[in-house]
Amino acid sequence: MPPSRPRRPSLCGGRSSDALNKQLLDPPAPPDRAGFFVPFAVRHFFKDRTMEQDDHRILANRLDLFHFEEDAPGMVYWHPAGWHLFRQLEDYVRSRMRQSGYEEVHSPQLLPRSLWERSGHWEKFRDNMFVMPREGGRDMALKPMSCPCHIQIFNASLRSWRDLPMRLCEFGACHRDEPSGSMHGLMRTRGFVQDDAHVLCQSEQVEAEVARFVVLLSSIYADLGFDDYEVALSLRPEKRAGSEADWDVAEAQLLAAARAAGLEPVLQPGEGAFYGPKLEFALRDRQGRSWQCGTIQLDFVLPARLDASYIDAGGNRAVPVMLHHAVFGSMGRMIGILLEHHQGKLPFWLAPVQVAILPVAEDQHGAARDFQQRLVAAGLRPRLFDQAETLSRRIVSSHELLIPVVAVLGKREAQEGSVTLKSRQGQWTIALDEAVARLLAASSQKAETLQCNSRKSA
């Protein structure tokens with residue numbers, strides 16, 4: 001039988017936070033590390049239970065992030081905390097794309113069938129598209145991806161070779177009619193937001209643009225806690241568009257660009273997109289599972305099909321090459337991967353609630369509210385725990401929500417203008433101004449957690 005959970009000491013409401021060290025405890029060690037002999041069956045039970053508790057759907061329920069409705073399968077209802085997380089991740093990627101020279105656009109979700117027929121998506125993806133029949137054959141469909149839209153934005157003006165490369169990005173709302181049996185929480189849905197980007201360029205610019213993307217992807221993955229990934233080059237599928245000569249050039253050029261960027265991809269015959277070969281990036285989580293997320297695809301087909309052109313240096317019309325790419329593929333799916341990878345304990349900068357503020361007694365409620373407002377004004381995401389419950393119960397509540405930093409204000413802190421902070425690194429007491437600055441710096445620098453490098457409480 002596993003050992004019982006250590007009993008947490010209770011504190012009276014008017015007590016100073018000096019005595020909080022023993023209350024701000026991490027969960028106890030699993031049974032097989034507590035000095036007891038544990039039979040295999042019991043160890044197996046606890047391993048399965050740990051994996052179950054790490055499931056992003058269970059974590060989402062625990063952290064109140066999102067839910068699904070039976071009558072809207074595959075459609076995500078984001079709750080306030082979940083939407084904070086979503087927007088934080090989106091804003092981060094948006095900032096990184098802007099720094100890398102991309103311009104954000106926004107395109108319609110509902111588009112005419114004729115556009116999808118011209119692009120070739122109707123033949124390839126018709127069974128997975130949500131189609132709205134209309135009289136006169138002017139059927140409309142919800143977009144499953146944004147590629148044709150970005151070509152239409154390119155086509156809206158006369159372009160010169162001096163305009164290339166043109167880098168467009170979009171957080172596009174897409175819909176795909178996935179089979180009901182294939183859906184699994186955020187990992188596969190019918191409605192999702194894609195971190196979609198397209199580069200229209202000249203053929204000789206492909207190598208530099210692939211290198212730009214690889215640097216961007218590697219840096220983003222590292223910030224999110226994924227230091228390693230595997231790369232594959234998916235080659236021409238059986239059903240494809242374009243000539244064999246175009247495919248020969250595209251495959252050779254993408255492989256050369258990958259190697260120039262320091263990659264040595266595994267070849268995957270038959271797995272390319274219908275319009276071109278693609279590099280696929282699979283990251284590995286802390287459970288050792290592989291997740292294919294990022295992709296960059298070289299396309300000689302769609303620009304020509306949709307009449308994209310520019311004036312080259314010789315004054316002639318030329319068709320641009322198109323690179324499709326995404327770092328995540330699906331924003332929601334990436335959140336599911338992050339939740340399971342970090343077991344719900346998201347990095348400080350990404351956590352939907354970053355700081356739990358706990359006044360020790362009612363006399364400190366005013367000071368706690370003032371501190372909350374200062375953190376909000378600084379752009380941080382605090383939550384005030386001032387319920388009519390014991391301090392012990394409120395500490396447990398903050399731990400259950402996996403909030404990375406706990407800020408306690410007792411009688412002494414209120415008098416001194418200080419606050420006691422507890423992170424996964426330790427506990428210490430600092431002035432309020434320094435606390436705000438330290439928390440803001442940790443968030444801005446994409447810190448995993450708040451570092452304890454100030455003086456500690458006694």
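# Helices, strands and a pocket in a predicted model

Colleague: Which are the buried residues of α10?
Modeller: The buried residues of α10 include charged-type names such as R333 and E340 as well as M331 and G332. This is a predicted model, and in it 11 of the 11 residues of helix α10 (residues 331-341) are buried. The list is M331, G332, R333, M334, I335, G336, I337, L338, L339, E340 and H341.

Colleague: At the start of α10, which backbone nitrogen does a side-chain oxygen of S330 reach?
Modeller: The contact sits at the start of α10 and uses a side-chain oxygen of S330. The oxygen comes to within 3.5 Å of its partner, the backbone nitrogen of G332.

Colleague: What value does phi of Q343 take, just after α10?
Modeller: Q343 lies in the loop between α10 and β16. The residue is not a glycine, yet its phi is positive. The angle is about 55°.

Colleague: Is Q343 buried, partly exposed or exposed?
Modeller: Buried requires under 20% relative accessible area and exposed requires over 50%. The relative accessible area of Q343 is 38%, so Q343 is partly exposed.

Colleague: L402 also has a positive phi; is L402 buried or exposed?
Modeller: Phi of L402 is about 55°, although L402 is not a glycine. The residue is placed in the loop between α12 (391-400) and β18. Its relative accessibility is 12%, and because the limit for buried is under 20%, L402 counts as buried.

Colleague: Which residues point one way from β16, and which the other way?
Modeller: Strand β16 covers residues 355-359, and five of its five residues are buried. Burial therefore does not separate the two sets, as residues on both sides are buried. V355, I357 and P359 point one way, and the other way point A356 and L358.

Colleague: What is the handedness of the crossover from β16 to β17?
Modeller: β16 and strand β17 (residues 382-384) pair in the parallel sense over three bridges, with V355 opposite P382. The chain gets from β16 to β17 through helix α11 (residues 365-377), and this β-α-β crossover is right-handed.

Colleague: Which residue in β18 stands opposite I357?
Modeller: β16 also pairs with strand β18 (residues 405-409), in the parallel sense and over five bridges. Opposite I357 in β18 stands A407.

Colleague: In β12, what is the bridge partner of E280?
Modeller: Six of the seven residues of β11 are buried. β11 and β12 pair in the antiparallel sense over seven bridges. They form a hairpin with five residues between them, and G288 in the turn has a positive phi of about 85°. The bridge partner of E280 in β12 is T295.

Colleague: Which residue in β11 does E230 stand opposite?
Modeller: E230 belongs to strand β9 (residues 229-234), which is joined to β11 by six bridges and runs antiparallel to it. The residue opposite E230 in β11 is A282.

Colleague: Which residues lie closest to the centre of the second largest pocket?
Modeller: The space in the second largest pocket is about 1,000 Å³. Its lining has 38 residues, which divide into 15 nonpolar, 14 polar and nine charged. At least two lining residues come from each of α5 (121-125), β8 (191-201), β11 (278-284), β12 (290-299) and β15 (321-326). Closest to the centre are R176, Q194, K278, Q292 and Q297.

Colleague: In the open sheet of three strands, which strands stand at the edges?
Modeller: The order of the sheet is β4-β6-β5, with antiparallel pairing. Each edge strand has a single partner strand, so one side of each is left without a neighbour in the sheet. The edge strands are β4 (110-112) and β5 (131-132).

Colleague: Which residue in β6 stands opposite L110?
Modeller: β4 and strand β6 (residues 140-142) run antiparallel and are joined by three bridges. Opposite L110 in β6 is L142.

Colleague: Is the peptide bond from L164 to P165 cis or trans?
Modeller: P165 is placed in the loop between α6 (147-155) and β7 (166-175). Omega of the bond from L164 to P165 is near 0°, and the bond is cis.

Colleague: What separates the C-alpha atoms of H67 and W78?
Modeller: H67 lies in strand β1 (residues 66-67) and counts as partly exposed at 27% relative accessibility. H67 and W78 are 11 residues apart along the chain, and their C-alpha atoms are separated by 6.8 Å.

How values were computed. Residues numbered from 1 in each chain as written. Predicted model: local features only at pLDDT ≥ 70, side-chain atom pairs only at ≥ 80, totals over all residues. Heavy atoms only, no water. Buried < 20%, exposed > 50% of the residue type's maximum accessible area, 1.4 Å probe, protein only. Helix = DSSP H or I, 4+ residues; strand = E, 2+ residues; numbered from the N terminus. Pairing = 2+ DSSP bridges. Right-handed = clockwise from strand over helix to strand, strands pointing away. 1 Å grid on protein atoms, 1.4 Å probe; cavity = no way out; pocket = protein on both sides within 12 Å on 5 of 7 lines; lining within 4 Å. Points joined across faces, edges and corners; volume = space filled by probe spheres on them. Nonpolar A, V, L, I, M, F, W, Y, C, P; charged D, E, K, R; others polar. Polar contact = N/O pair within 3.5 Å; in protein donor to acceptor, adjacent residues only side chain to side chain.
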